[in-house]
Protein chains: 2
Amino acid sequence: MDSRGRRITTLGNHRREQILRSAEKEFEQLGFAGARMQRIADNAGVPKSNVHYYFASKEALYDAVLSNVVDLWNAALAPIDPEADPASVLEDYVRMKVELTRRYPAATRIFAREVLNGWPFLSERLKRETREWAEALAADIETWIRQERILPVDPRHLIFVIWATTQHYAESDAQVRSIYRKRRLSRADHDRLADSLVSMVHRICGLEPTPAPV
Amino acid sequence: MDSRGRRITTLGNHRREQILRSAEKEFEQLGFAGARMQRIADNAGVPKSNVHYYFASKEALYDAVLSNVVDLWNAALAPIDPEADPASVLEDYVRMKVELTRRYPAATRIFAREVLNGWPFLSERLKRETREWAEALAADIETWIRQERILPVDPRHLIFVIWATTQHYAESDAQVRSIYRKRRLSRADHDRLADSLVSMVHRICGLEPTPAPV
DNA sequence: TATTGCCCTGACTATCTGGTCAGCTTTCAC
DNA sequence: GTGAAAGCTGACCAGATAGTCAGGGCAATA
């Protein structure tokens with residue numbers, strides 16, 4: 001039995017997941033306003049009323065999709081060890097972020113859309129957690145600057161450079177592909193991006209005295 | 001008379017502009033699918049049928065808004081002088097891009113939405129022009145690297161860092177404000193961003209031997 | 001004054017969309 | 001087997017939405 005006293009059957013869960021996957025695609029490609037319940041049902045291979053059996057409304061369905069996305073992000077925001085080496089902390093963050101956008105492009109794009117819309121649906125909790133995490137990292141960066149372990153730099157701008165660039169590759173997929181003249185970016189492309197971005201961040205912080213070959 | 005043989009009256013042009021401004025706001029905030037012709041009419045202070053008098057359909061109205069946006073971008077993509085000093089070329093580009101997003105946040109966000117959607121409405125011409133401009137800049141950067149005037153760096157990644165970061169401040173308005181804990185970013189905030197970004201780009205290229213105070 | 005043609009609008013419609021519901025089938029505990 | 005609850009669905013609906021159109025106003029020209 002689930003929390004509402006309903007039996008949990010594999011059949012029911014399977015359909016629920018089917019619908020959620022279809023909905024994620026639809027919301028990713030068209031946004032909340034552009035998404036159509038009928039199309040979500042068709043692509044999931046179920047009648048529309050079945051979608052409404054599992055999700056009371058379009059908003060409820062979007063909420064369910066969004067909370068999956070949010071869980072992904074939360075799991076990735078690992079706490080930072082301020083005693084650790086600046087170079088490796090920054091490198092870990094960059095690689096984590098690139099990997100996240102590579103593995104979950106749909107989630108990244110849904111998140112991006114939400115942000116672009118002024119995150120009307122996004123929970124206060126996630127907003128707060130994102131802000132607190134950014135503030136903690138900024139504070140650590142400031143400490144490193146005071147300790148002269150890295151060059152002076154606006155911590156928030158540095159965080160935004162990393163954030164913005166990694167997001168960009170997922171958000172502006174079409175634009176990036178157009179400029180690269182590729183149908184899609186490969187694993188190797190993402191690895192090169194990660195290497196390149198790590199190197200750039202290190203140079204910004206003065207952590208790469210000998211220029212590495214790119 | 002205009003191209004269709006209609007008299008051009010200040011009254012008619014005024015209304016057209018009124019409707020276009022209202023439409024730009026609506027499309028910026030809600031996207032094409034979320035926009036409502038009725039709301040566009042209401043905010044312009046005209047009846048809905050008047051909107052349809054000037055613009056045959058919602059798509060035609062969106063096209064008109066988008067072509068204004070495109071004109072803005074085209075005007076800003078100044079040709080690059082490859083003989084010029086790398087430091088100032090990169091600085092000019094960064095400052096131009098920051099200024100553009102600061103002065104035309106609505107246009108920037110409409111453009112961002114279009115890109116996020118895989119630019120379905122965007123003309124082949126603009127796609128080509130953007131790609132050609134990026135390729136020209138990338139080629140110049142590669143020349144500078146060969147001439148050892150700047151450190152080795154992946155040119156496209158560098159361009160995307162600049163592009164992504166400046167876009168990010170316009171796109172993720174809500175997120176940025178949330179992390180800065182500000183209602184809106186001031187002119188001074190943008191100036192600081194530009195200074196900071198110029199400094200970071202210069203460090204990436206090894207153009208700032210003596211670290212500047214930030 | 002009459003004519004012409006842009007400018008404008010209220011009232012209307014076809015269509016689409018999220019959502020409902022009565023009633024059917026399947027599953028499972030006893 | 002049987003009762004009950006979960007799983008499921010076709011048919012339907014109310015409201016919203018883009019778009020239409022007949023006709024009125026109005027300024028300029030003849």
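**Entry 1. Domains of chain A**

I began with the separation of the two domains of chain A: the C-alpha centres of domain 1 of chain A and domain 2 of chain A lie 30 Å apart. Their contact takes five residues from domain 1 of chain A and four residues from domain 2 of chain A. By class, I found one nonpolar, one polar and three charged residues on the side of domain 1 of chain A that touches domain 2 of chain A. The bounds I used are 10-55 for domain 1 and 67-204 for domain 2. I note here that the model is predicted.

**Entry 2. Overall make-up of chain A**

I then recorded the secondary structure of chain A, which comes to 10 helices and zero strands. Along its principal axes, the C-alpha trace of chain A spans about 60 × 45 × 30 Å. Chain A has 214 residues, and buried residues make up 38% of them. I also looked up the sequence separation of the contacts in chain A: of those with a separation of 6 or more, 66% are between residues 24 or more positions apart.

**Entry 3. Chain A against chain B**

How many residues of chain A are in contact with chain B? I found 42 residues of chain A in contact with 42 residues of chain B. On the side of chain A that touches chain B, at least two residues each are supplied by α1 (10-34), α6 (105-116), α7 (124-146), α8 (155-171), α9 (173-180) and α10 (187-204) of chain A. The largest share of that side, eight residues, comes from α8(A). I sorted the side of chain A that touches chain B by class and obtained 22 nonpolar, 11 polar and nine charged residues.

I next asked how the two chains are related. Two copies of a chain are related by a rotation about an axis and a shift along it. Here a turn of 180° and a shift of 0.0 Å along the axis lay chain A on chain B with an RMSD of 0.1 Å. That is the relation of a two-fold axis. I also compared the interface residues: 100% of those of chain A are interface residues in chain B as well, so the copies meet through the same surface.

**Entry 4. Nonpolar cores**

In soluble globular proteins, nonpolar side chains tend to be buried together. I therefore looked up the nonpolar cores, the largest of which has 55 residues. The residues with the most contacts inside this core are A:Val94, A:Val201, A:Ile204, B:Val94, B:Val201 and B:Ile204. Another core, of 46 residues, lies apart from it and has among its members A:Ala41, A:Ala107, A:Trp119 and B:Ile19.

I followed B:Val94 further. Leaving aside its neighbours within four places in sequence, B:Val94 is in contact with B:Ile162, B:Ala194, B:Leu197, B:Val198 and B:Val201.

**Entry 5. Two helices of chain B**

I checked the length of helix α8 (residues 155-171) of chain B. Its 17 residues reach 24 Å from the first C-alpha to the last, close to the 24 Å expected at 1.5 Å a residue. I counted burial as well: 15 of the 17 residues of α8(B) are buried, so this helix is largely enclosed by the rest of the structure.

I repeated the check on helix α6 (residues 105-116) of chain B, which has 12 residues and reaches 16 Å, close to the 16 Å expected. Of the 12 residues of α6(B), 10 are buried, so α6(B) is largely enclosed by the rest of the structure. The buried residues of α6(B) include the charged residues B:Arg109, B:Arg113 and B:Glu114. I noted that α6(B) is followed by B:Gly118, whose phi is positive, near 80°.

**Entry 6. A:Pro86**

Is A:Pro86 buried or exposed? I found 20 other C-beta atoms within 10 Å of A:Pro86, and 20 or more count as buried, so A:Pro86 is buried. A:Pro86 has its place in helix α5 (residues 86-103) of chain A. Leaving aside neighbours within four places in sequence, I listed its contacts as A:Trp144, A:Arg149, A:Ile150, A:Cys205 and A:Leu207. One of these, A:Arg149, is 63 residues from A:Pro86 along the chain, and their C-alpha atoms are separated by 7.7 Å.

**Entry 7. Glu148 in both chains**

Most residues other than glycine have a negative phi, and most peptide bonds are trans. I recorded a positive phi, near 60°, for A:Glu148. A:Glu148 lies in the loop between α7 and α8 of chain A and counts as exposed, with 9 C-beta neighbours inside 10 Å.

In chain B, I found that phi of B:Glu148 is also positive, near 60°. B:Glu148 is placed in the loop between α7 (124-146) and α8 of chain B, and B:Glu148 is exposed, with 9 other C-beta atoms within 10 Å.

Technical notes. Residues are numbered from 1 along each chain as its sequence is written. Chains are lettered from A and ligands numbered from 1 in the order in which they are written. This is a predicted model: local features need pLDDT of at least 70, side-chain atom pairs count only at pLDDT 80 or more; totals for chains, interfaces and linings use all residues. Two residues are in contact if their C-beta atoms, placed from the backbone, lie within 7 Å. Helices (H or I, at least four residues) and strands (E, at least two) are DSSP runs, numbered from the N terminus. Copies are superposed by least squares on the C-alpha atoms of residues with pLDDT of at least 70 in both. Domain bounds come from an automatic or database domain assignment. A nonpolar core is a set of buried Ala, Val, Leu, Ile, Met, Phe, Trp, Tyr and Cys residues joined through C-beta atoms within 7 Å. The expected span of a helix is 1.5 Å times one less than its number of residues.
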